[in-house]
Amino acid sequence: MAAPGLRLGAERLFAMPGVLELLSRSNSTSQAFAEVLRLPKQQLRKLLYPLQEVERFLAPDRRQDLHLRIFDPSPEDIARADNVFTATKGNRIDYVSSAIRIDHAPDLPRPEVCFIGRSNVGKSSLIKALFSLAPEVEVRVSKKPGHTKKMNFFKVGKHFTVVDMPGYGYRAPEDFVDMVETYLKERRNLKRTFLLVDSVVGIQKTDNIAIEMCEEFALPYVIVLTKIDKSSKGHLLKQVLQIQKFVNTKTQGCFPQLFPVRN
C-alpha cells in the first residue's frame, strides 16, 4: 500500500500558496529555487513531481502499478536540500581527489553516496546540477562516452561525500571491474548508491550487472531515470512501468521509488 501522506508534498504545494510565498522570501532559500517556486502551477508540478505528470496518463485502474511511490518532497524538504548544496563559509563544497584504486581513495570519515551507470547516461551532468550552487566546484562533463576514468570525490560540507564513478560499457576504463566492484564491496562508509538508467533505452545488460553487484553486496541503492525530456510521454510511461515492475519483483535492496530527472 502507499504510505500515508504520499501526496502531502504536492497537496501542500498547491493548496497552500502561502508556503510558496514564505519560501520565496526566505533568506535560506536560493534565488534559483525561489524563481522555480514562481513558475505557473502546471509547469511547477511537472518540474517538481515528474512521476505524477506521467501517472495522470494512466487509466484509473492502472495507477496502482505505481503504488510504491513513497516520497514526494514538500517545498520545505527541497529548500533544506537546497541549503545542503549551497556553498558558504560554514558549508564548504569542494573537490577532494580522484583515485583509480580503492587503496588510493581518500580516507574520509563522513558518509558517502556514489553515482554509477552506463557511459554517457548522465552521471557527471547530474552531479554538476547538484553542485550548481557551488560554481567554483568543477565537474567536467563531456558529450563523449567514457569521459570519467577515475573515482572522483567531492565533499558536501560536513554532511557527506559524493563519488562520481566511471561509466561502465562503452570506453570504460580497463580496470573498471576491479575499481568499481572493489569500491562497492569494501567501502565501509558507503551509505547509498545511485544507479542511473537511461529512460530512453531502459535497463540494459550492463545495468543488470551493476544491479547484481548491488544486490550481492547487500547495498541500499536507488534507480535514477535520466533523460526523461528525451522521450515522448507514452514511451516514458512504458519504461517507468517496466522498470517499476522490475524493482518490485526482481530486487531486494533497491529503494521502491524511481527518481526521474532531465538532462
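Which side chains does a polar contact of 3.5 Å join? The legends below take up this question first and then move outwards to the sheet and to the whole protein.

**View 1. H159 and its surroundings in the predicted model.**
In this predicted model, the polar contact of 3.5 Å runs between the side chain of H159 and the side chain of N91. H159 lies in the loop that connects β3, residues 151-156, with β4, residues 160-164. Although H159 and N91 are 68 residues apart in sequence, their C-alpha atoms are 8.8 Å apart in space. When residues up to four places away in sequence are left aside, H159 touches V84, N91, R110 and P111. H159 is partly exposed, because its relative accessible area is 40% and the partly exposed class runs between 20% and 50%.

**View 2. The open sheet and its two edges.**
Seven strands make up an open sheet with mixed pairing, and their order across the sheet is β1-β3-β4-β2-β5-β6-β7. At the edges stand β1, residues 93-99, and β7, residues 259-260; each has a single partner strand, so one side of each has no neighbour in the sheet.

**View 3. β2 beside β4, with helix α9 on the sheet.**
Strand β2, which covers residues 112-117, pairs with β4 in the parallel sense, and four bridges link the two strands. C114 is found opposite V163, a residue of β4. Helix α9, residues 205-216, packs on the sheet, where it touches β2 as well as β5, residues 190-198, and β6, residues 221-226. The direction of helix α9 makes an angle of about 160° with the direction of β5.

**View 4. The whole protein, as a setting for the close-ups.**
Taken as a whole, the protein has ten helices and seven strands. Of its 263 residues, 47% are buried, and the protein exposes about 14000 Å², of which carbon and sulfur atoms supply 53%. Among contacts between residues at least 6 apart in sequence, 74% join residues that are at least 24 apart.

**View 5. The stretch of residues 1-10 and the confidence of the prediction.**
The mean pLDDT of the protein is 81, and 78% of the residues reach 70 or more. Over residues 1-10, however, the pLDDT is below 50, even though this stretch has 19 contacts in the model beyond near neighbours in sequence. Where pLDDT is low, the predicted coordinates should not be read in detail.

Conventions:
Residues numbered from 1 in each chain as written. Predicted model: local features only at pLDDT ≥ 70, side-chain atom pairs only at ≥ 80, totals over all residues. Heavy atoms only, no water. pLDDT = per-residue confidence, 0-100. Contact = heavy atoms within 4.5 Å. Buried < 20%, exposed > 50% of the residue type's maximum accessible area, 1.4 Å probe, protein only. Polar contact = N/O pair within 3.5 Å; in protein donor to acceptor, adjacent residues only side chain to side chain. Pairing = 2+ DSSP bridges. Axes fitted to C-alpha atoms, helices over the stretch in contact; angles between N-to-C directions. Areas by Shrake-Rupley, 256 points an atom, 1.4 Å probe, with all protein chains shown as cover.
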